[in-house]
Amino acid sequence: MDIERIVEELKRERDRLTQAIAALEDQPPKAEAATVAGPGQINRRKRKRTGPTPEGRKRLSDLMKERWAKARKKGLKGHLYKPGRARRLA
């Protein structure tokens, strides 16, 4: 057996154990352990939520209410987004 290969495998196993212990202790793993960990292991971050804020949702709600009120005033029925209808509302 090749001693260098055995030592390399033992070091990889040590790094995996270091990461596991750090995760259990809620500590971020050290940079060297993360780089030697091997293929297929990616640090995954939670995605930041995107979308309208509560103020933005309120503003959009008010705009849509105005739009539907205009449509009712003009006597339009059915779906406002049929081709040609949206242009008549403006």
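Helices are DSSP runs of H or I with at least four residues, and strands are runs of E with at least two, numbered from the N terminus. This is a predicted model, in which local features need pLDDT of at least 70 and side-chain atom pairs count only at pLDDT 80 or more, while totals for chains, interfaces and linings use all residues. Residues are numbered from 1 along each chain as its sequence is written, and side-chain values use heavy atoms, with hydrogens and water left out.

**Exercise 1. State how many helices and strands the protein has, and give their pattern.**

Step 1. Count the elements: the protein has 4 helices and 0 strands.
Step 2. Read along the sequence: the pattern is α-α-α-α.

**Exercise 2. Compare the reach of helix α3 with its expected span.**

Step 1. Helix α3 covers residues 54-74, which is 21 residues.
Step 2. The expected span is 1.5 Å times one less than the number of residues. For α3 that gives 30 Å.
Step 3. From first C-alpha to last, α3 reaches 31 Å, close to expectation.
Step 4. Look past the end of α3. G75 follows, with a positive phi near 85 degrees.

**Exercise 3. Work through salt bridges in helix α1, starting with E13 and R16.**

Step 1. Apply the criterion: a side-chain nitrogen of Lys or Arg within 4 Å of a carboxyl oxygen of Asp or Glu. The structure holds 5 such salt bridges.
Step 2. E13 and R16 qualify, at 2.8 Å from N to O. They sit 3 residues apart in helix α1, so about one helical turn separates them.
Step 3. Grade their exposure: buried is under 20% relative accessible area, exposed is over 50%, and partly exposed lies in between (1.4 Å probe, protein chains only). E13 is partly exposed at 36%. R16 is partly exposed at 34%.
Step 4. Take R5 and E9: their side chains form a salt bridge at 3.5 Å, N to O. They are 4 residues apart in helix α1 (residues 3-24), so about one helical turn lies between them. R5 is partly exposed at 44%, and E9 is partly exposed at 42%.
Step 5. Take E8 and R12: their closest N and O atoms are 3.5 Å apart. Both residues lie in α1, 4 residues apart, about one turn.

**Exercise 4. Describe burial and contacts for the whole protein.**

Step 1. Of the 90 residues, 10% count as buried.
Step 2. A contact means heavy atoms within 4.5 Å. Among contacts with a separation of 6 or more, 7% come from residues 24 or more positions apart.
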